[in-house]
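Subject: Structure for your review

Dear colleague,

Please find below the structure that I am handing over to you. My notes on it follow directly after.

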Amino acid sequence: MNEDLRKFINDLYEDGRKFDAAEPQWARRRRNIDPPVGEFLWIFLKALKAKSVVEIGTSNGYSTLWLADAVRANSGTVVSVDYDKAWLGQAQANLSEAGLLDSVDLKCIEGGAFLESLADQSVDFMFFDAERSDYASWWPHPKRVLRIGGVIAVDNSTSHPDEIADLYRQINDDGGFSSVVVPVGKGELIAVKNGSL
Ligand SMILES: C[S@@+](CC[C@H](N)C(=O)[O-])C[C@H]1O[C@@H](n2cnc3c(N)ncnc32)[C@H](O)[C@@H]1O
């Protein structure tokens, strides 16, 4: 990552921390991922040579910046979805200022409806950072749209394990995945879709 982008990302995170601390309404907080999670996802996408990435829960685009910079080298695209248009406006401004908008497609749609619209095995990597109680209702689309060898990452897996428990159960009961919870930031559930390539 180049120095200018790293500075932009660091400044945006610090600004978000202060903003959230002063904002009484939870839904209006940016609730950005922790920077080590950004680093982790960035390296993961590079190693996976991911081209087709889906993010559910854009907020102001902080996590999207990490994902977009990683897929840019692979000529890939991040489709980042949020059901709140105001957040997408902020994300667009941040991605544009960082020079990463060309690698991102921002969509205003509910996460489950978006997953349902995708073709089978069309996604290399998906990142869930939305309303956690919604995740379980999206099944089986996360599995259906992920290619073999593709990965699902779910934030807040150690901070709010109860709220992602139903999704975790679906992933494990399905039998088609190998999974682990990585203790970085608020905890990332990582699940890879097994099968022969
Ligand atoms: C925790 S914030 C995302 C933070 C962002 N990933 C980051 O690290 O910068 C959650 C976002 O998900 C959106 N959201 C929540 N549930 C959603 C759903 N079911 N479909 C689409 N967006 C959703 C909210 O509007 C909010 O902007």
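Helix 2 and helix 3 cross in a right-handed manner. Please note that this description rests on a predicted model. The axes of helix 2, which covers residues 35–48, and helix 3 lie 8 Å apart and make an angle of about 25°. Angles under 35 degrees count as roughly parallel, and helix 2 and helix 3 are therefore roughly parallel to each other. On the side of helix 2, the residues that meet helix 3 are Pro35, Gly38, Glu39, Leu41, Trp42, Leu45 and Lys46. Their partners in helix 3 are Tyr62, Trp66, Leu67, Asp69, Ala70 and Val71. By class, the residues of this contact between helix 2 and helix 3 comprise nine nonpolar, one polar and three charged.

Helix 3 also packs with helix 1: their axes come within 10 Å and cross at roughly 160°. An angle over 145 degrees counts as roughly antiparallel, so helix 1 and helix 3 are roughly antiparallel to each other. The crossing of helix 1 past helix 3 is left-handed. Helix 1 contributes Leu5, Arg6, Phe8, Ile9, Leu12 and Tyr13 to the contact, while helix 3 contributes Tyr62, Leu65, Trp66, Asp69 and Arg72. The residues of this contact of helix 1 with helix 3 are eight nonpolar and three charged, with no polar residue.

I turn next to the pockets. The largest pocket has a volume of about 760 Å³. Its lining consists of 37 residues, and those nearest the centre are Trp26, Arg30, Arg31, Asp129 and Ala130. Helix 1 (3–22), helix 3 (62–72) and strand 2 (77–82) are the elements that each give two or more residues to the lining of the largest pocket. Of these, helix 1 gives the most, with four residues. By class, the lining of the largest pocket has 16 charged, twelve nonpolar and nine polar residues.

Two points of backbone geometry may also interest you. The peptide bond that joins tryptophan 139 and proline 140 is cis, with an omega of about 10°. Proline 140 is placed in the loop between strand 4 (123–128) and helix 6 (141–145). Glutamine 121 is not a glycine, yet it has a positive phi of about 50°. Glutamine 121 is found in the loop between helix 5 (111–117) and strand 4.

With kind regards

Terms used: Residues are numbered from 1 along each chain as its sequence is written. This is a predicted model: local features need pLDDT of at least 70, side-chain atom pairs count only at pLDDT 80 or more; totals for chains, interfaces and linings use all residues. Side-chain values use heavy atoms; hydrogens and water are left out. On a 1 Å grid over the protein atoms alone, a cavity is a set of points where a 1.4 Å probe fits but cannot get out, and a pocket is an open set with protein on both sides within 12 Å along at least five of seven lines; lining residues have an atom within 4 Å of a point. Grid points are joined across faces, edges and corners, and a volume is the space filled by probe spheres set on the points. Ala, Val, Leu, Ile, Met, Phe, Trp, Tyr, Cys and Pro count as nonpolar, Asp, Glu, Lys and Arg as charged, and the others, Gly among them, as polar. Axes are lines fitted to C-alpha atoms, for helices over the stretch in contact, and angles run from 0 to 180 degrees between N-to-C directions. Angles under 35 degrees count as roughly parallel, over 145 as roughly antiparallel, 65 to 115 as roughly perpendicular and the rest as oblique. A crossing is left-handed if the near helix is turned anticlockwise from the far one by less than a right angle, and right-handed if clockwise. Contact means heavy atoms within 4.5 Å.
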